[in-house]
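Biologist: Please take me closely through one small open sheet and the strand at its middle, and then on to whatever can be said of the parts that follow from it.

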Amino acid sequence: MRPAALLSVCALTASTVLVAGCGSEGAASGSRAASGSPTCASRPPVGEPSELKRDGVTILGQDCGPSADARTKFQVTNAESEPFAYTVSFEVLNGAGEVVSNPRRTLASVPPGRTVQDTVALGDVPTSGARVRIGKVRAVPADEASDVPAKCPPSGMRVTTDEGDAAMGLRVVGMRLINCGTGAIRTDGYPRLQLLDERRRPVTGVRILDGTGAISTAGGPDTPPRPVTLRPGETASASLMWRNTTESGTPVNIPYVRVTVKPGSPTAIVTPELDLGTTGRLGVGPWTKETKGQASRPTTPDSLGGGRPSRGALSTGE
């Protein structure tokens, strides 16, 4: 039996998974601890089923990387008939139940009918009473997943959105078009958008407006669309603006947006998490070429004293 003194464990749960802490084992164990390196003890998942399994994602337990950092092991099952990209957001909670961090992991392409296992690094976590749970799962067809940093879509165009800004119910999200290919990209108008619900079905009842002036004049008058040519490595930006007003009716939330850069171009799906309230309107600014050093969000209500809402960032890999 291994003496208890040879292994020290720091606890952490996940969604609730217990995340084991790190200690050191003696040379007799044959582990890396023989040279003074820390090791982690694996733990099975513990918690409510709804926190451990959701939308094709299952938390499997604690895992440790080569440097003995705390990691959560999970798996993704693709029940669709085509490859899908999955971005999984996790929530690390302290002993008081407060969310202290939101690590994310993106799997760029899970084959249809397959289950893929991966781990996500938790970073600095509390050493006592902490737990990890599944926060949010976003899945899009792999051929429309343009915001995976590690790959450039076959079209040579990557579309991303930022976390957005808010002020007095006014919301603005910046959209970027990045030429990650080898040829020039040309566009001369507004992004064409299709709003999609949690199951990626089209949402009706929301007017998509050319320009943002009808939503607010905070950014000044609408800029008319102009021809934009992007050479490899160059970017253009556009803004989405709406008011998060809730009156009569059911508030509309849009997790997914399908974007067409110009007529005939391949589509891309982004996840800006639009909380449109009940106003039924979304203003869209034209594509505008960014100059070197220019911020990616062209028009925001920051000057009104607004802060950045607590929406999750776009999918990122590790």
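Modeller: Strand S22, which covers residues 256-260, pairs with S23 in the antiparallel sense over 4 bridges, where a strand is a DSSP run of E of at least two residues, numbered from the N terminus, and two strands pair if DSSP finds at least two bridges between them. The model is a predicted one, in which local features need pLDDT of at least 70 and side-chain atom pairs count only at pLDDT 80 or more, while totals for chains, interfaces and linings use all residues. Residues are numbered from 1 along each chain as its sequence is written, and side-chain values use heavy atoms, with hydrogens and water left out.

Across the pairing of S22 with S23, Val 257 has Val 270 as its bridge partner, and Thr 260 stands opposite Thr 267. The hairpin of these two strands has 6 residues between them, and there Gly 264 takes a positive phi near 90 degrees. S22 also pairs with S17, again in the antiparallel sense, over 5 bridges, and in that pairing Arg 258 of S22 is the bridge partner of Gln 194. The result is an open sheet of 3 strands in the order S17-S22-S23, with antiparallel pairing. Its edge strands, each pairing on one side only, are S17 and strand S23 (267-270). From one strand to the next the twist averages 25 degrees, the axes being lines fitted to C-alpha atoms and the angles running from 0 to 180 degrees between N-to-C directions.

S22 itself is mostly covered, with 5 of its 5 residues buried, a term that means under 20% relative accessible area, as against exposed for over 50% and partly exposed in between, with a 1.4 Å probe and protein chains only. Tyr 256, Arg 258 and Thr 260 point one way from S22, whereas Val 257 and Val 259 point the other way.

Just before S22 in the numbering of strands comes strand S21 (residues 252-254), which pairs with S24 in the antiparallel sense over 3 bridges, and Asn 253 has Asp 275 of S24 as its bridge partner. From S24 (residues 274-277), Leu 274 and Leu 276 point one way and Asp 275 and Gly 277 the other, and all are buried. The side chain of Asp 275 makes a polar contact at 3.3 Å with the side chain of Arg 171, that is, a pair of N or O atoms within 3.5 Å, of which, within protein, one must be able to donate a hydrogen and the other to accept it, with residues adjacent in sequence counting only if both atoms are side-chain atoms. Arg 171 lies in strand S15 (residues 170-179) and counts as buried at 13% relative accessibility.

Returning to the edge strand S17, the loop between S17 (192-196) and strand S18 (207-210) holds Arg 200. Most residues other than glycine have a negative phi. Arg 200, though not a glycine, has a positive phi of about 60 degrees, and at 21% relative accessibility this residue counts as partly exposed. A positive phi, near 50 degrees, is found in Asp 55 too, which sits in the loop between strand S5 (53-54) and strand S6 (57-64) and is exposed, with a relative accessible area of 53%.
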